[in-house]
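Please take a slow walk with me through the structure shown here. We will go from place to place, and each new term will be explained as it comes up.

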Amino acid sequence: MPIPALVTRAREIIAERIFRGGEQDTQAQALRPRVHAVAAGILPADDSEQELTRSAKVLLFVDPGAAQCELSAIHDFVFNVLTQVIGADTTAGSPADYFQLVHASRFKVSSGAAGVSPPYFRAGEAVTYFAPFRFNLPPVTLGTLGARMTAGGDDYILSCNHVLAHNGRAPRGTPVITPGPMEDATYGPVIGELAQWVPLAAPPWPLRGTPDNLADCAVALVDPGYDAAFEGAFNICAPPLYDPLPDCTPVAKVGHATGTTYGWASMVDFDVYIDFTFGPYFFGAPTGATAGTGMIGVIGRRECIDGVFVRPPFAAPGDSGALVWSERDDQPGIGLVMARSYTFDEITNRFTGYIALVSPLTAIQAGLADAMHRPASDLAFYRAPSPC
Amino acid sequence: MPGSLYVFLHGLGVACDRGPYIQIVLPRVPGHCYRAGGWLSETLIAGDRILALKGATTDGKVSFSDPSIADFMISLPDSSVTDRARAATIILPRAQTIIPALVARHDPHVARTKDGSREFPKLATVQILVYTYTDENEVSLDGHYWEPAAIGGAITLHIISTSETPEGQAHEDMTDDIMGEVLRGYPGLVYFSPRPQVPPWLDPGDLGPLHISDQPGLGQYAVSTDSAGNEQLAFPLAELEHPTSRALRLSHLAHLEQSDRPIDSLWQDPDFLSERIANCVISGTH
């Protein structure tokens, strides 16, 4: 989406100071316990044209329990940064017009936890690894088979790193099965083997917002006998993947937990820690010329159910790995669902909705190409037709 | 990525050397819970399991029979372990070092054998075995599902073998009887009354090769120092807390949330003073 340059610049400064700043920056360090993500975009109150076409802002995601004095300190900090960025530009307006505090929980991954059964599924095959004798892997977990990838004449299944590989804790060659022990006592057939993943680099301690991980993805080499999920699959790489995401983009996905859902990709460039079961990892937004191509935030599209407008969750546990695509033009791929957060009203603290975090396909393509020692153009992505 | 692994032993156990390994027997005592895993995410150990720590370096030489460590535990060299009354058996490599923490001290003794032949003036209520590892993806506790999560290269594994609620004399008497089943030649133990105080986890005193580092705005951590003089995280001090008082602390969390008070200060709020050292500590034998 077209993000004003000053919003991009302010977001970079704020993220740098809060997540990567040194102890001498006491003002920013004091905010770190309460600010858990920074992004650029909009969080539309409704699906009206007016809301969806608002100008993008710097979004600071703060703990819902932050005290008023803490919120005031955050507000003052951001206001000062924006004042400096605006400088002498008298046409820019007030700094208050360029940022928004979002009361939201920390982002958690949306792979299925042991004991959590998806309420239903209409599409999107479940997928997981088969490694019952690796005692450092959860015995029961669940994700979604996101897309098909071809590279060098080989067929692969694409999903999240934290679904298929656990950052290498499932070794290369680990069988990949569907649907898995959460739904099938016999585990289900082997459809491939883990082939590659984009390694996640762990942050040093104390946490300082480094290193920047850009994508959460892994691929499994498809067993030659398995092709049921991809009948009729079509290429989502042509035209070229959106880079960066234009406007407030209407998107859809098919996930194992929540089936087909629709949303608005209205936020980009998240700087955020994600807590996986194997540790916390920092995902950093690209800066400079590549601004706008970072992690994407999606909110569900409002629906009228029994006369009441609600905004259902775009994704839920079990949807990790689900492919998100744009509903515009030739429906190019956007990314893979990987995590979600909850938003709260800043006054009543009442729960107001969900934000799903999507790992961008551009970064996935680049990361896998690097890991597989291939040019990015060698990797093509396909998705199955929507079941609806 | 290489790093350090800290294995915390909380509660009742019997340690003995088995060549290059340490065998820890967890006695089956009614009312005890047996858990293993990451801090605050330990899960129940299935009955009668043998769990083996894998992925930790095996060139360590320290065990509980080292005199410097044996001074901080119930040392019963004339007893031997049987295969009876076991809840679980843990096999660990010999460690790089063992840190006896939260040590109760009293002269003439914190505990003694019933016949008075042995006195134990110092007892550690938590024992920390320190290892290194080269690949965190290979660290596992075989026989028990546990996902190691490294922070700054430091992984902690907690093994719990004690009650999560305060216990009285009847329970301690039963524990002593069961120890008589676990150990052949068990002499029985008597604890000094009133029980000597254990240092609080907030102010644990000597932590061997580790020291306490204050991280502004975050809390206190036990850290080590590498060859370049940089601090390396070991664990937050709150991980030292005894499982019984930790369970009470987490019940505060419910009260805080129910009464709309901030939960930030969960590890800084006052504690009520009704806990004492129990007889659930590590004993060493053959």
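**A walk through two chains**

Let us begin at A:Pro206, which sits in the chain A loop between strand S10 (190–197) and strand S11 (218–222); helices (H or I, at least four residues) and strands (E, at least two) are DSSP runs, numbered from the N terminus. The peptide bond that joins A:Trp205 and A:Pro206 is cis, with an omega of about -5 degrees. Before going on, keep in mind that this is a predicted model, in which local features need pLDDT of at least 70 and side-chain atom pairs count only at pLDDT 80 or more, while totals for chains, interfaces and linings use all residues. Residues are numbered from 1 along each chain as its sequence is written, chains are lettered from A and ligands numbered from 1 in the order in which they are written, and side-chain values use heavy atoms, with hydrogens and water left out.

Chain B has a cis peptide bond to show us too, from B:Asp107 to B:Pro108, with omega near 5 degrees. B:Pro108 belongs to the loop between strand S10 (97–105) and strand S11 (111–113) of chain B. Why point these places out? Most residues other than glycine have a negative phi, and most peptide bonds are trans.

Phi gives us two further stops. A:Tyr187 is not a glycine, yet its phi is positive, about 80 degrees. You will find A:Tyr187 in the loop between strand S9 (175–177) and S10 of chain A. A:Tyr187 counts as partly exposed because its relative accessibility is 29%; buried means under 20% relative accessible area, exposed over 50%, and partly exposed in between (1.4 Å probe, protein chains only). A:His373, also a residue other than glycine, has a positive phi near 55 degrees. The loop that holds A:His373 runs between H6 and strand S22 (380–383) of chain A. With a relative accessible area of 73%, A:His373 is exposed.

A:His373 follows H6(A), so let us look at that helix by its definition as a DSSP run. Helix H6 of chain A covers residues 361–371 and is mostly covered, with 8 of its 11 residues buried. Among these buried residues are A:Leu361, A:Ile364, A:Gln365 and A:Leu368.

A:Leu368 brings us to the largest nonpolar core, where it is one of the residues with the most contacts inside the core. A nonpolar core is a set of buried Ala, Val, Leu, Ile, Met, Phe, Trp, Tyr and Cys residues joined through side-chain atoms within 4.5 Å. This core has 66 residues, and its largest share, 6 residues, comes from strand S14 (residues 259–276) of chain A. Apart from it lies another core of 56 residues, including B:Ile45 and B:Tyr133. In soluble globular proteins, nonpolar side chains tend to be buried together.

Which kind of place does A:Arg11 have, buried or exposed? A:Arg11 is buried, because its relative accessible area is 1%. This arginine lies in helix H1 (residues 5–20) of chain A. Its side chain makes a polar contact with the side chain of A:Asp271 at 2.7 Å, a polar contact being a pair of N or O atoms within 3.5 Å; within protein, one must be able to donate a hydrogen and the other to accept it, and residues adjacent in sequence count only if both atoms are side-chain atoms. The side chain of A:Arg11 also reaches the backbone oxygen of A:Pro286 at 3.4 Å.

Chain B has a buried charged residue to visit: B:Glu42, at 9% relative accessibility, counts as buried. The loop around B:Glu42 joins strand S4 (33–37) and strand S5 (43–44) of chain B. The side chains of B:Glu42 and B:Arg246 make a polar contact at 2.8 Å.

Finally, see where the chains meet: 24 residues of chain A are in contact with 26 residues of chain B, contact meaning heavy atoms within 4.5 Å. The area buried between them is about 2000 Å², of which carbon and sulfur atoms give 52%; buried area is the accessible area (1.4 Å probe) that two parts lose on being put together, summed over both. A:Phe135, A:Arg169 and A:Trp205 supply 41% of the area that chain A buries against chain B. There are 2 salt bridges between the chains, a salt bridge being a side-chain nitrogen of Lys or Arg within 4 Å of a carboxyl oxygen of Asp or Glu. A:Arg169 and B:Glu136 meet in a salt bridge at 3.0 Å, N to O.
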